[in-house]
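These are my notes from one sitting with the structure. I went through some backbone outliers, one helix and two interfaces.

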Amino acid sequence: MSSHIIESGNTAAALGVKLCRVQVIAAYPITPQTPLTEKLSELVDSQEMEAQYIPVESEHSALAVCIAASSTGARAFTATSANGLLYMHEQIHWAAGARLPLVMCVVNRGVGAPWTIWNDHQDSISQRDTGWIQLYVNDHQQIIDGVIKAYRLAESVMIPVMVCYDGYLLSHTHMPFEVPSQEAVDSFLPPYRPDYALDPKRPANLNTVTLPDTRVDTEGRTAHGYMEIRSLLHEDLQRAVEVYQDVEAGFRDTFGRGGEALFEHYRCEDAEYVAVALGSLSHNLRDVVDTLREAGVPAGVMSIHLYRPFPARQIASFLSPAKGVIVFEKALSYGYEGALCSDIKAALLTHARSRADLPFVHNYILGLGGREIKTSQLVEAMTASCKAGAASHDGVRWIGLKL
Amino acid sequence: MKDTIDIRWHGRGGQGAITAAKIVAKAMFSLGYEGVAMIPTFGTERRGAPVFSSLKISRRKIYDLSPIERPDIVVVLDHVLMEEADITSGLKEGGLLVINSPCSLESYHADGRKVAVCNVTALATRAGLPAGVVNTGIIGAFARASGLAGLDLLTEVIEEEFKGRKPEANALAARLAYEHTIVGG
C-alpha cells in the first residue's frame, strides 16, 4: 500500500533512497542537504534500512567511497550541496568515466565566495560537463519518484545520475506526497547486478593509464584508447534520452503517475510566449502564466527535467512554433549568459523546423544566493519581454537586482 | 469554507512553530485541502531569534513557495515578539490574530482584525509539559479562534506527531488552551 504523508523534501529524498534498497551511503553534511543525511543515518541506525552508512571527513571522500562501493557491485548513494559538490569535482568526473551507476542528490545552493547558504543553481550547473546525467525536479513527489527513476536509469545505461532539487524551497518546505509501496518499487527496480564487479579473490586494476591510441591487449584484441572510451560515454549519454523515456513510461505503468520524462509543460498548447526554467521556479511560473492569460497574453511555461543529456531535438521542436522564449535562470556562465539559455538557442538553431522564423530568446537571471523571487516581478518580466519582442535583446537581464 | 487560507506563524528559533504549523497542515490535508505547503523562513534559525513560517492551505496544489505577505491569520507563540517585529504586517482586513500572552485581550488593538488571546505558556505547564513548551497548546487556541479544524482531529494529529514524547500531555495542553482562549469581536 502507498500512502500520502506531509514531510520535507529532504525526507522525501531519504525515503526514496530507502525504498531503492541502497546498500552503501557515504555523505558529509552541508546545509541545506544535512537533514537528508541525518534522516538516512537514523534509518540505518534503527535498522529500518539495511545499509552501510560510512561517515567521512569530506565530500571528496564521500564520493570516493561510493565509487569504491559501486565498483564492487553495491548500490550506492551520496548527497551534497554547493561547495561540497565542488569539493567532489575530480571524483564526479571519475565516477562518470568509470561508468558507475551512482545516484547523488544535489540540494541546490549558491556557491561562495562570498558565502551563501541559500538557493540557486550555480552548483549543479557548473557540473554540467562532467558526463553525469542531470535531472531537475520541482516538488516533493518528483523528488521521491526522481530518486527511484534515477537508479533505474543509471543502472540501465551505466552512467551516474544527479537528482537536483532546490535548497530550502524544496528541501525544508513540507508538502504532501505519496510514498510508494516497497513491493511496487521492488518490481520497478530489480537488484543491481553489474556485468563486472571488483572481487578480492580476483584482483584487477580499473581505469589505469590509457594510451592516446588504441592498443592490442594480452589476449590479442584491440583495446579502446581514451578517446574511444570517452566517445562511447557521449554516445550512451545521448542514448539515455530515449532510455529515460522508457524508464518514465515504466514508472507510470507501475505507479500510475508521472509520464513527462524530458520536460513538463503548462498551458503551452496555443502559447506564443513560453517561459523556460529548471526546478521549483517553473512551478512558481505557472501562477505567472495564469495571471498573464487573464490579461490576454498567450503564455505558457516549460520545465526541463532532463538537462544532461540535453534533449535538444525534442525541446527545439516544442519551442520553435512560439514567437518568444523567455529563459529564467538561477545560474550564470559568467562573462556570457545562462547556460540553459545558450543550450536552448543552440537547439533551436540546429533543430527548428524553419530557420527563417526562429523565436526570440530572452534570458533573465534571478534568485542568486536566495534573493527572493516575487510572482509580481516574474509577471513584469514576462510582460516586458512579450511586448519588446525580438528587437531588444542585449544580453542577460536581472530580476530583483538593487544596484 | 474559503478555497485558500494563508497562515503565518511567528515564534522563536527552537520554540517549535514549524511543528505547530506542520500539525495544522496535516489536519487540513485530512479535511480535503489537497494543497498544503509549510514553508519555513530559511537559514537563520538561531535559538531564540525571531522566526516565522508560512502555511498555505488550498483546495488545489500550491505552486508558489514564496513567503506569505498577506496572511488571513497570524499566530504568535511569544507575545514579546509583538514588541520586536512588525508581526501583523500585511494581515488582511477582517483577519485573525492569535497570541500566546498572559496579557488581557484589551491590551491588543488590531484595527478591524479579530484578536484571540490565551496564556498558553501557563496552561502547557499545567498540562504537564516542561516550562516554555507552547507549540501544541497554541494549536488549541488556534482551533478555538479560527474554527478551521476540530479540536479532536487536531489532538489526534498531535498525539501521532508526539508519539513517544508526552503525547497525552501535549494533547491536554491543546485542550486546556482551547477552553481558555478568549476571542474578541
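Is A:Y168 buried or exposed? I work from a predicted model here. I looked up the accessible area first and found A:Y168 buried, at a relative value of 4%. I had picked A:Y168 for its backbone, since phi is near 60 degrees, positive although the residue is not a glycine. I placed A:Y168 in the loop that runs between β7 and β8 (174–179) of chain A.

**Other backbone entries**

I noted a second non-glycine residue with positive phi, A:N207, at near 55 degrees. I found A:N207 in the loop between α8 (182–188) and β9 (215–216) of chain A. The relative accessible area of A:N207 is 41%, which means partly exposed. For the record, most residues other than glycine have a negative phi, and most peptide bonds are trans.

I then checked the peptide bonds. The bond joining A:G112 and A:A113 is cis, with omega about 5 degrees. The bond joining A:A113 and A:P114 is also cis, with omega about -10 degrees. I traced A:A113 to the loop between β5 and α6 of chain A, and A:P114 is found in the loop between β5 and α6 of chain A as well.

**Helix α5 of chain A**

Which residues of α5 (residues 89–97) of chain A are buried? I listed A:Q91, A:I92, A:A95, A:A96 and A:G97. I looked for what covers these buried residues, and the cover includes α3 (59–71), α4 (82–87), β5 (103–108), β7 (161–166) and α9 (226–255) of chain A. Just after α5(A), I noted a positive phi of about 60 degrees at A:R99.

**Domain 1 against domain 2, chain A**

The domain assignment gives me domain 1 (3–188) and domain 2 (264–398) in chain A. I read 28 Å between the C-alpha centres of the two domains. The contact involves 20 residues of domain 1 and 24 residues of domain 2. I have about 1800 Å² of buried area between the domains, with 53% of it from carbon and sulfur atoms. On the domain 1 side, A:R128, A:Y136 and A:N138 supply 33% of the buried area, more than any other three residues.

I counted two salt bridges between the domains. I also looked up the salt bridge between the side chains of A:D166 and A:K330, at 3.7 Å from N to O. Polar contacts across this interface come to 14 residue pairs. Two or more residues of the domain 1 side come from each of α6 (122–125) and β6 (133–136) of chain A. The largest share is from β6(A), with four residues. By class, I have nine nonpolar, seven polar and four charged residues on the domain 1 side.

**Chain B against chain A**

How many residues does each chain give to the contact? I found 21 from chain B and 24 from chain A. The chains bury about 1900 Å² between them, 61% of it on carbon and sulfur atoms. I counted three salt bridges between the chains. A:D139 forms a salt bridge with B:K61, where the closest N and O atoms are 2.8 Å apart. I entered six residue pairs in polar contact between chain B and chain A.

On the chain B side, α1 (17–30) and β2 (35–40) each supply at least two residues. The largest share, five residues, comes from β2(B). I sorted the chain B side into 11 nonpolar, three polar and seven charged residues.

Methods. Residues are numbered from 1 along each chain as its sequence is written. Chains are lettered from A and ligands numbered from 1 in the order in which they are written. This is a predicted model: local features need pLDDT of at least 70, side-chain atom pairs count only at pLDDT 80 or more; totals for chains, interfaces and linings use all residues. Side-chain values use heavy atoms; hydrogens and water are left out. Domain bounds come from an automatic or database domain assignment. Contact means heavy atoms within 4.5 Å. Buried area is the accessible area (1.4 Å probe) that two parts lose on being put together, summed over both. A salt bridge is a side-chain nitrogen of Lys or Arg within 4 Å of a carboxyl oxygen of Asp or Glu. A polar contact is a pair of N or O atoms within 3.5 Å; within protein, one must be able to donate a hydrogen and the other to accept it, and residues adjacent in sequence count only if both atoms are side-chain atoms. Ala, Val, Leu, Ile, Met, Phe, Trp, Tyr, Cys and Pro count as nonpolar, Asp, Glu, Lys and Arg as charged, and the others, Gly among them, as polar. Buried means under 20% relative accessible area, exposed over 50%, partly exposed in between (1.4 Å probe, protein chains only).
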